[in-house]
Amino acid sequence: MILLLVTIPLLAAFAILFGAPSRLTAILSALMTLVLAIVAAIAFGSAESASAFAEGQWEFKQLAIQASNFSINLHFGLTGISTIMMLLTAIVTLAAVLSGKAPEGHKNLWYSASLFIAAGAMGAFISKDLFFFYAFHELALIPTFLMIGMLGRGDRKHIAWKATIYLAAGSIVLLAGLVWLASIAGTYEISQLKSGVAAYYASNNSASACVLCGITGMLIFGYGTLVSLFPFHSWAAPAYASAPAPVAMLHAGVLKKFGLYGLIITAVNVIPHAVLEKWVLLLVVLLLCNIIWVGLVTINQKRIDLMLGNSSVMHMGYIFLAIAAVMAFPENDIAIPAAVLLMFAHGISIAMSFSLTDVIERNAETLEFNQLGGIAKTAPKLCFLFGLVGMASIGLPGLANFAGEVMVFFSGFNGWDSSKPFGPVQWGTVIALWGVVISAVYMLRAIKNTFHGELIESAREMKDISLMEQIPALLLGGVLLVVGVYPNILLQFLN
Amino acid sequence: MELAWFLFILPLASAIAIHFVLKKRPCLSGAVGTVVTLAALVVAFFIRGAQSELGFNWISLGNFEVNIGFVIDKLSSNMMLIVTGIGSLVHIFSLAYMKEDKAKARYFGNLSLFMFSMTGIVLSSNLVMTFIFWELVGLSSYLLIGHWYEKHSAGDAAKKAFLTNRIGDFGFMIGILMLWSITGTVNFSELAANPPAATCALSIAVFMIFLGAMGKSAQAPLHVWLPDAMEGPTPVSALIHAATMVAAGVYMMARVFLVIGTDVISTLGSVEAIAWIGGITSLLAALMATQQNDIKKILAYSTLSQLGYMVMAVGLVNPDAGMFHLYTHAWFKALLFLGSGAIIYACHHDQNIWNMGGLLKRMPITSLTFIFGTLALTAVPFTAGFYSKESILHAAKDQGSYLLWVALGVAALTTFYMFRLIFVAILGKAKHKHSEDAKEVSMLMLAPLVILVIVSALSPFFSDFVPLPELKEIDFHVVPHFGDKLVLFSIGAFVLGFIPALLLYAGKTKDPLNIPLFRNKFYIDEIFGHIIKWGQDILAAVVHFLDEFVINGLLVGGVTRSAQGLGNLFRSKIQTGNIQTYAFMFGIGIAITIYITVFA
Amino acid sequence: MYASLNEYLIISGLLFCIGFAGVILRKNIIVIFMCLELMLAAASLTLVAFTRFKPFQQEGATTTLPDYDGQMLVFFIITVAAAEVAVGLAIIVALYRSRQTIHTDDLDALKG
Amino acid sequence: MLSPIFYLFAAITLLGGIGVIAWKNPVSSALCMVASFVGIAGLFVGLNAYFVGVLQVLVYAGAIMVLFIFIIMLLDLKPSKYASFPPPTIAAAILIPLVIMFQLVVVISKTEAQPILINEASLKAAEKTELSLDPEAPNYIAKDSKIRKELSEGKLPDVHLIGNKLFTEFHFPLQVIGLLLLVATVGCIVLSRNTNSSQE
């Protein structure tokens, strides 16, 4: 059954390539995947223990490569974190397929590429084998390049090339780290990585410490590039800004989370604490740059989509803060759930904002702040929806991002002994909190520039958001509200 | 105690109903909003005596859990009385005031949202829930200030309010985090059960929490948003920026101080700083108010200075005095604001006091209520203001701090600028066509004014309505005996303020005093403008430039360009097409191979 | 007073280097071609030189007869050289016909 | 071979080689080439490889050089118009041979080998010891063959020995060489076909 989660989008994508009616097939397959994902999540939630859950039909294991001392097999299954990520992928895929208008000649490419990216992301999240975990992610790289390159806006060819080469370079570093990790752990099975590494670490302590340190470094920089950690972030904003709506939604919303998900299951849960400790300070410095430096860059942006692209890069800082918190204080049981919840919330909110940006661009023909103004008068619904997602992304209570962010901050201070002065993670949390003010600044300026003030002449005849465009936004907004009001609905999967 | 749930659910339901269902029928939405708030007032009456705690679990993760719950005790239920009471009066007033406004439905929707979030703050059982509704209140004030969003100034004022509150929330969250890691819990009841020891970390945490209150109650550096918030409709200013929202900061501080225990608090170093910040704010605001020409700005600055009083009281480790002043101030400040709203409505939305005058003859009832409010504000004996200000002066004297003299100075200044307002706006002759044809406002507006007069007159005498925790009996007597030295001082301050106002402003058509420093609000706004311009926008531009050219251009671009350069170099230098060069390469190859095979 | 192997090797090495220098130095393809032949001859000289100086162990018995394997190779070198010259000169003629020049500086069509 | 004669022929070879490079006129360099080949043939004879020496003169000097001169005459080349050699090529031309010679000298200085002298006595001894009679051995020579007769008389049957080895041990390469020559001739014909017919 779980195999269907990946095969439905793949089959639909191929069907579209071979002439099936593109939009209809895409929506149908996205719907089916969402329904299946919800059923799987409920089954996972209700199962008393992971093992009981495994016997059910939600586990699929098929031997792929049998090497002498280890075996790589196509192994799909659900853990706590991957259930939430699977739900995120299913929801964002449906919204991505619904939003955006495919240009005339390219309908097939538009929908099949989106479905390929979705299938890649889904496969990556539910696979329990390191090899396929990586392989599925790479599947999503090429469609992104094609879509940005051919159907993007602005200086798309250059941006498409830059993004793809950047991601490829990051993936290579990551691959090296993963293979090295798997070789010392002696297995490609993610669940057994921890015991393998522990055994290796126990065997020859001095040499293994620096080997593991090297692996952690590679993983951090590999995943860092995929997730646009500070020094490697210059590909992200332009790529999302010039990508067509579905790709921007899927990539910023879902694929970026692959890096963080990977960092959690292959580095944080696997590598012993003594080694992780060394990387905490560097990670905290990088994530603070991510929040403050990229935050300031976002403030200076002149276009909505570039601003949103940069804001998604900035929000990665908070999730890295949670990861740094758990790396510094291993008994920190708030950090991982906080990171996962914030990943889910950010995925949904950034997808919704890109979907609405696409609507603004189609109706107002421009995204420049100085050419927009007073749209609220002729497009009140659009203003309400954009206001909702704007407020969500700056962490307004009652919406999912706030629950995630609050828990991230609490995880930052978890384990701080009040008699001693602040540790690096605590200082990181304090400065990250100032990032919340920065995000409020640029989001409110955006809302004020586009919606408030007098109506500019080009916006006079601008029509409001149509019903079809409202559906994805309302779907995502609804999810944001539900998770924001009652976050336990997701957190139950984690404990 | 399901009744308490209604307090919470009613305003939320009305906000959602108005926003999504009644968008097309403004009158109905106004009615629904008012009825809901009145119902909440009734419920607030019923639960007054109760003492309970209930709620549901919001987030639970191992040992860390946050739940949305209410604590109903004398403090919170009486505070609810104030909130719902003034809320319903404002609703009634707005029905008339906003009659011809196009977006009335959105206005009432946002008002209900505000009521919902204010209830959340008042009844919240833990700090995280307070923080949640803290930001929701910030959002609703953003929506209400920016009600007429066509005006750029309204949009800017709304943005300014939200951002300044956000800066306050920044400190508040750090305070909560520190308090949580010190005590291990965010729940008020658990905090009260085992209060933390007085360490320097606790004093920093308390100061950080006060930073949050500073943002919300507009204390010294973060007060810049309150005068600009007057861009919103006047009933909004009355409800939010006079009585309830700004008081939320003081209420929360009082709650935290009572929970941690005043004996532990008094030993903390940061509390002294809180008192002084309150003092400085009240002094600054009073000075600024003396030179303002807009009626709502004067009232805004007077609110600022009265808030300074309350914070000073809380800072002097006497939250009861602070809460008492909050209680009385809420009523008569709402009265003053609604009175000014009626005046503005009558003078065709002209807010400049130099265009008003002679209103006593044209609008007798409104003017009389306004004068009564002023008397209460300037602490004329036997009025509400007098008793609450007395309690604060007592608190200052008990602590023996110099703030007593600051408080007295501010009292004099308050009297001065309020009577300046009275002489210029109410008495004297009409100075402008607007004020000539001003006539008495409709009954719907006058009713709330009269009710408010009655309530604020009686408020100090019904002591069990005062929002104070059960455990502390009210020790200050209702009727101060005249022998007390302080009473003489406060009456002296009143006289000291009244006479110059009388001399300078009775019958004047032009402002004799001209102190640009005060009128331009000590240039704080300009200073903040520069700080933001330099500290953020220019910095952002520089950072963006660096990000664009250094990281993107040099590092990433550099790598690609150098690879390309290397490729070209090889192509042009090696593949020359000339046989000789190829032969030469051969030779080098041979030599190297020989060397490696034979010698290496 | 008999010339030892070293002299022969030095002579053939010198000849080889002269041939190689010629290839690098001269601009005329035909002369380059000649130098090539020179280098080939030098190689065959070394081969034959070794036939005389390497004692041919035949099941342990040292033999005085010259080792004819080397000379076989020289025989083949000469044949191949002849074939190569034939084809090479045919190419040069065809080249000359099409380009009217056999000077190496003009013939750089293969430039990268 | 006696050293004075050896040095004579060595000198002829090297001077011929230098002459090939030095002369501007291709014909004179071709003639110097012939001199050099004669020198080399002399050295071959000194090494008791008479057949190869003759072959050298016959094939290289006789056939290949004639072909070169024929082609030079066919294309009536004028002396190269770029008369002077640009300094970098000279530097290259000197540098690489020097490096290679230096390496060669270093290698050679480590080895030492004396020639194996041949005289009647050694030849007669060789006839008995070095040739075997059983047909499977690699150096089988029939009892009454001409080689054995010459050796017994103390003369070196060079051509016969080469012929014997060529047609027994190396018979396959011989066939391949034959094919190679065929391919070469066909190649020449194709290349030198009248180009204007191919241009239509």
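How much space lies in the second largest pocket? In this predicted model, the second largest pocket holds about 840 Å³ of space. Its lining is made up of 32 residues, and those that lie nearest the pocket centre are B:K160, B:L163, B:I167, B:F528 and B:I532. Two chains supply the elements that give two or more residues to this lining: from chain A come α13 (273–299) and α19 (424–451), and from chain B come α6 (152–183), α9 (225–228) and α24 (524–574). Helix α24(B) gives the most, with nine residues.

Since chain B takes part in this lining, a look at the chain as a whole is a helpful next step. Chain B contains 25 helices and two strands. Its C-alpha trace spans about 115 × 60 × 55 Å along the principal axes. Of the 600 residues in chain B, 60% are buried. Among the contacts in chain B with a separation of 6 or more, 81% join residues that are 24 or more positions apart. The chain exposes about 21400 Å², and 73% of that area is supplied by carbon and sulfur atoms. As for charge, chain B carries 37 positive and 34 negative side chains, with the centres of the two sets 11 Å apart.

Chain D can be described along the same lines. Its secondary structure comes to nine helices and zero strands, so the pattern read along the sequence is α-α-α-α-α-α-α-α-α. Buried residues account for 42% of the 200 residues in chain D. For contacts with a separation of 6 or more, residues 24 or more positions apart make up 50% in this chain. Chain D exposes about 11100 Å², of which carbon and sulfur atoms supply 75%.

One residue of chain D offers a closer view. D:L67 sits in helix α3, which covers residues 50–75 of chain D. Is D:L67 buried or exposed? The answer falls in between: D:L67 has a relative accessible area of 32%, and because buried means under 20% and exposed over 50%, the residue counts as partly exposed. Apart from neighbours within four places in sequence, D:L67 is in contact with C:V85, C:A86 and C:L89. The contacts listed for this leucine in chain D are thus with residues of chain C.

Terms used:
Residues are numbered from 1 along each chain as its sequence is written. Chains are lettered from A and ligands numbered from 1 in the order in which they are written. This is a predicted model: local features need pLDDT of at least 70, side-chain atom pairs count only at pLDDT 80 or more; totals for chains, interfaces and linings use all residues. Side-chain values use heavy atoms; hydrogens and water are left out. Helices (H or I, at least four residues) and strands (E, at least two) are DSSP runs, numbered from the N terminus. Buried means under 20% relative accessible area, exposed over 50%, partly exposed in between (1.4 Å probe, protein chains only). Contact means heavy atoms within 4.5 Å. Accessible areas come from the Shrake-Rupley method with a 1.4 Å probe; for residues, only the protein chains shown count as cover. Lys and Arg count as positive and Asp and Glu as negative; His and the chain ends are not counted. The place of a charge is taken as NZ of Lys, CZ of Arg, CG of Asp or CD of Glu. On a 1 Å grid over the protein atoms alone, a cavity is a set of points where a 1.4 Å probe fits but cannot get out, and a pocket is an open set with protein on both sides within 12 Å along at least five of seven lines; lining residues have an atom within 4 Å of a point. Grid points are joined across faces, edges and corners, and a volume is the space filled by probe spheres set on the points.
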